[in-house]
Amino acid sequence: MTEEITEKQIAAAQKAWGNGIVKIGKLKDNSAAANMAALEHLDNLYAYDTVKVLFKPTKAADIQFRDTKDKALSYFVTGEIPEDTGFALQPWTNVRFENHATSIHGKTAIAMGNYYFTTTAGDEVKVEYSFGYLCDEDGNLKIFLHHSSLPYSK
C-alpha cells in the first residue's frame with residue numbers, strides 16, 4: 001500500500017471513472033447490463049461501503065445530494081428518484097479530465113477542474129468538478145467527494 005496518494009494514481013482513477021461512464025452508456029439498450037455496469041462502477045470507484053460519500057451530481061435539482069449507493073445508481077442509470085434520466089446512459093463516447101489543481105494529504109487527495117463529456121455527435125460538454133479520493137486498505141483510490149456542476153452562464 002502506498003504511503004501517499006500520487007498524481008499518477010489520481011490520473012488513473014479519473015481515467016477509470018471516465019471509462020466506466022462510457023461503458024455504462026454503451027449498454028443503454030440492455031438495462032440489466034447497464035445497471036450491473038453502474039453498480040460495478042460505484043463499487044470499484046466510490047467509497048460508499050466504507051465512509052459517508054458526499055455526492056452532488058451535475059444534473060440533480062430536486063434532490064441535489066446522493067448520500068447512498070442506491071441514490072447514486074439512480075442518477076447514473078435511472079431508478080428511485082423521479083428526476084433521474086440516466087446521466088451515464090447518454091451515451092458518452094469519451095470523458096477527459098483537465099485538473100486545475102490537486103491537493104494531496106497522505107492517504108486522501110482532492111482534485112478539481114473541468115471534465116469534458118463527448119457526445120456521439122463529437123461535441124464536448126464541459127462540466128466543473130471536485131473529487132475527493134481516499135486510499136483504501138488495498139491501495140485503491142475511492143471517491144468520497146464528488147461535486148460537479150455546469151459552468152455559470154451570464
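Reader: What makes helix α3 (residues 69-77) largely enclosed by the rest of the structure?

Author: In this predicted model, 7 of the 9 residues of α3 are buried, so the helix is largely enclosed by the rest of the structure. A residue is called buried when its relative accessible area is under 20%. The residues of α3 that meet this criterion are Lys69, Ala72, Leu73, Ser74, Tyr75, Phe76 and Val77.

Reader: Which elements do the buried residues of α3 pack against?

Author: Their partners are α1 (7-26), α2 (31-45) and β1. Just after α3, Thr78 adopts a positive phi of about 75 degrees.

Reader: Why are α1 and α2 called roughly antiparallel to each other?

Author: Their axes cross at roughly 170 degrees and come within 9 Å. Angles over 145 degrees count as roughly antiparallel, and the two helices are therefore described in that way. The crossing is left-handed.

Reader: Which residues of α1 and α2 meet?

Author: From α1, the participants are Ala16, Trp17, Gly20, Ile21, Lys23 and Ile24, and from α2 they are Ala34, Ala37, Ala38, Glu40, His41 and Leu45. Sorted by class, this contact comprises 8 nonpolar, 2 polar and 2 charged residues.

Reader: What makes β1 and β2 edge strands of the open sheet?

Author: The sheet has 5 strands in the order β1-β5-β4-β3-β2, with mixed pairing. β1 (54-56) and β2 (94-105) each have a single partner strand, so one side of each is left without a neighbour in the sheet. Neighbouring strands here are turned by 25 degrees against each other on average, with direction ignored.

Reader: How do you know that β2 and β3 pair, and in which sense do they run?

Author: Two strands pair if at least two bridges are found between them. β2 and β3 are joined by 11 bridges and run antiparallel, so the criterion of at least two is met. One of the partnerships places Phe97 with Tyr115 in β3. The hairpin of these strands has 2 residues between them, and Gly106 takes a positive phi near 65 degrees there.

Reader: What makes β3 (residues 108-118) a largely enclosed strand?

Author: Of its 11 residues, 8 are buried, so β3 is largely enclosed by the rest of the structure. Each of these 8 falls under the 20% limit in relative accessible area.

Reader: How many bridges link β3 to β4, and what lies between the two strands?

Author: β3 and β4 pair over 11 bridges in the antiparallel sense, and Phe117 stands opposite Val125 in β4. The two strands form a hairpin with 5 residues between them, where Gly122 in the turn has a positive phi of about 95 degrees.

Reader: How many bridges join β4 to β5, and how do these strands run?

Author: There are 8 bridges between β4 (residues 124-135) and β5 (residues 141-149), which run antiparallel. Cys135 has Leu141 in β5 as its bridge partner.

Reader: Why does Asp138 count as exposed?

Author: Asp138 lies in the loop between β4 and β5. Its relative accessibility is 61%, and exposed means over 50%; Asp138 therefore counts as exposed.

Reader: What separation is found between the C-alpha atoms of Asp138 and Thr85?

Author: These atoms are separated by 34 Å, and the two residues are 53 residues apart along the chain.

Key: Residues are numbered from 1 along each chain as its sequence is written. This is a predicted model: local features need pLDDT of at least 70, side-chain atom pairs count only at pLDDT 80 or more; totals for chains, interfaces and linings use all residues. Side-chain values use heavy atoms; hydrogens and water are left out. Helices (H or I, at least four residues) and strands (E, at least two) are DSSP runs, numbered from the N terminus. Axes are lines fitted to C-alpha atoms, for helices over the stretch in contact, and angles run from 0 to 180 degrees between N-to-C directions. Buried means under 20% relative accessible area, exposed over 50%, partly exposed in between (1.4 Å probe, protein chains only). Contact means heavy atoms within 4.5 Å. Angles under 35 degrees count as roughly parallel, over 145 as roughly antiparallel, 65 to 115 as roughly perpendicular and the rest as oblique. A crossing is left-handed if the near helix is turned anticlockwise from the far one by less than a right angle, and right-handed if clockwise. Ala, Val, Leu, Ile, Met, Phe, Trp, Tyr, Cys and Pro count as nonpolar, Asp, Glu, Lys and Arg as charged, and the others, Gly among them, as polar.
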